[in-house]
Amino acid sequence: MIYTVTLNPSIDYIVEVDNFQIDHLNRIDRESKFPGGKGINVSRVLKTIDIPSTALGFLGGFTGQFIQHTLESEGIQTDFVNVEEDSRINIKLKTGQETEINGQGPTLTEENVQHLLTKLEALQEGDMLVLAGSIPPSLPKTFYADLTREYSKRGVKVVVDAGGKVLAEVLQDKPFLVKPNHHELSELFGVTIRTAEEIIPYGKKVVEMGAQNVIVSMAGDGALLFTNGKVYSATVPKGQVINSVGAGDSLVAGFIGTYSKHQDFIQAFQMAVATGSATAFSQDLATAEKIQSLLDQVTIKEIQ
C-alpha cells in the first residue's frame with residue numbers, strides 16, 4: 001500500500017480575473033476549488049492511474065470537511081487526524097500573470113502529532129510512504145528526517161519531495177526516492193545549475209549522500225533519473241503549459257505507482273514524465289486519457 005502524508009492541506013481556490021485592477025472592485029470571471037497539498041495531489045493522481053493509496057495528514061473545520069468529502073467522492077481512501085482550527089485556503093489569482101496567496105494553516109498540538117504517528121504504525125515492510133511539501137512551523141524541522149529514519153529501518157520505501165535543509169537532512173537515512181527540481185538541487189549545493197550536463201555530477205552526489213533513487217526535474221527541459229549507478233534522461237512531450245501546480249507531484253505519483261505495479265525503474269520513469277506533463281498541460285491534475293496520449297512521446301535513454 002502507498003501512504004501519502006500532507007501536513008498542511010489546503011483548498012486551492014483558483015480565481016481568474018480578466019481585467020484585474022488594484023484599488024478597484026474586481027469581479028471573478030471564472031473560479032474553481034480543489035483539495036490541495038502535495039501528498040494529496042499524489043493520492044489523486046495515483047487514483048487516476050488505478051493505484052490505491054491512503055491519504056494521511058491533518059484536517060480541520062469546514063475547509064477540512066470540503067477536502068475530506070472531495071477526496072472520498074473521488075474514491076480515495078483517507079485517514080486524516082482531525083484538528084480544531086480550520087485547514088487553510090490557498091488563493092491562486094490568475095490575471096494574465098499568476099499570483100499565489102497561501103494561508104498559514106492550523107496550529108498542531110502534540111496530541112495531534114501523536115495521533116498521526118499512531119496511524120503510521122500500520123505501515124508494513126514493502127509499503128511506500130510519501131512525505132511531500134513543507135513542514136508547518138508547529139512541528140519539528142526534523143519531522144521528515146525522523147520519519148525517514150524510522151520507517152526506512154522497517155523496510156518501508158520512503159519517498160521525500162521537499163527542498164532545502166529538509167532534503168539535506170533525510171539523505172543520510174537512505175530514502176527510496178527524492179525528487180528535487182534543478183532549483184532545489186542548486187540550493188542544496190550552493191551552485192547555479194542551468195543544464196542537464198550540469199545536473200549530472202550533483203545528482204550523483206545526492207546518491208552518494210544516501211538516496212537510493214533520484215529524479216531531477218527541469219520543467220520543460222526534461223528530467224534525469226539516477227538509479228542503480230546509472231543515469232537516464234527523458235524527453236518532454238510537446239504541449240502548452242497551462243498549470244504548473246501539481247506537475248511535480250504528478251511526476252512522483254506516476255513513478256511510484258508504476259514502480260509498485262511493475263518494479264521497473266525505466267517504465268516508471270517514462271510514466272512519471274508523461275504524468276507530470278499531462279498535469280502541466282491541463283487545468284487540474286492529469287487525466288488517464290491525457291497521460292496515455294503523451295506516453296509514447298516520452299523517450300528514455302541512458303547517459304554514458
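Contact here means heavy atoms within 4.5 Å. The structure is a predicted model, in which local features need pLDDT of at least 70 and side-chain atom pairs count only at pLDDT 80 or more, while totals for chains, interfaces and linings use all residues. Residues are numbered from 1 along each chain as its sequence is written, and side-chain values use heavy atoms, with hydrogens and water left out.

**Exercise 1.** Determine which residues Gly276 touches beyond its neighbours within four places in sequence, and state whether Gly276 is buried or exposed.

Solution. Begin with the location: Gly276 belongs to helix α9, residues 265-280, where helices (H or I, at least four residues) and strands (E, at least two) are DSSP runs numbered from the N terminus. Once neighbours within four places are set aside, the contacts of Gly276 are Ala247, Ser250 and Leu251. For Ser250, which is 26 residues away along the chain, the C-alpha separation from Gly276 is 4.8 Å. Finally, Gly276 counts as buried because its relative accessibility is 9%; the classes are buried under 20% relative accessible area, exposed over 50% and partly exposed in between, with a 1.4 Å probe and protein chains only.

**Exercise 2.** Work out where Lys94 and Asp284 lie, and list their contacts outside the four nearest places in sequence.

Solution. Lys94 is part of strand β7, residues 88-94, and with a relative accessible area of 17% it is buried. Its contacts, leaving aside neighbours within four places, are Ile14, Val15, Glu16, Val17 and Ile242. Asp284, by contrast, sits in the loop between α9 and α10 (288-295) and is partly exposed at 21% relative accessibility. With the neighbours within four places again left out, Asp284 is in contact with Phe34, Arg44, Asn243 and Thr279; the C-alpha atoms of Asp284 and Asn243, which are 41 residues apart along the chain, are 7.2 Å apart.

**Exercise 3.** Classify the aromatic pair formed by Phe189 and Tyr202, and explain which parts of the chain the pair ties together.

Solution. The rule comes before the classification: rings of Phe, Tyr and Trp (its six-membered ring) pair if their centres lie within 6.5 Å, and planes under 30 degrees apart count as stacked, over 60 as edge-to-face and the rest as tilted. This rule gives 5 aromatic pairs. For Phe189 and Tyr202 the centres are 5.2 Å apart and the planes make an angle of 40°, which makes the pair tilted. Because Phe189 lies in helix α6 (residues 182-189) and Tyr202 in helix α7 (residues 196-208), the pair ties together parts that are 13 residues apart in sequence. Phe189 itself, at 23% relative accessibility, is partly exposed. A separate item is the aromatic cluster made by Phe176, Phe255, Tyr259 and Phe265.

**Exercise 4.** State what is noteworthy about the phi angles of Asp50 and Lys174, and find where these residues lie.

Solution. As background, most residues other than glycine have a negative phi. Asp50, although not a glycine, has a positive phi of about 65°; its place is the loop between α1 (38-48) and β4 (53-60), and its relative accessible area of 62% makes it exposed. Lys174, likewise not a glycine, has a positive phi of about 55°; this residue is found in the loop between α5 (164-170) and β11 (177-178), and it is exposed at a relative accessible area of 51%.
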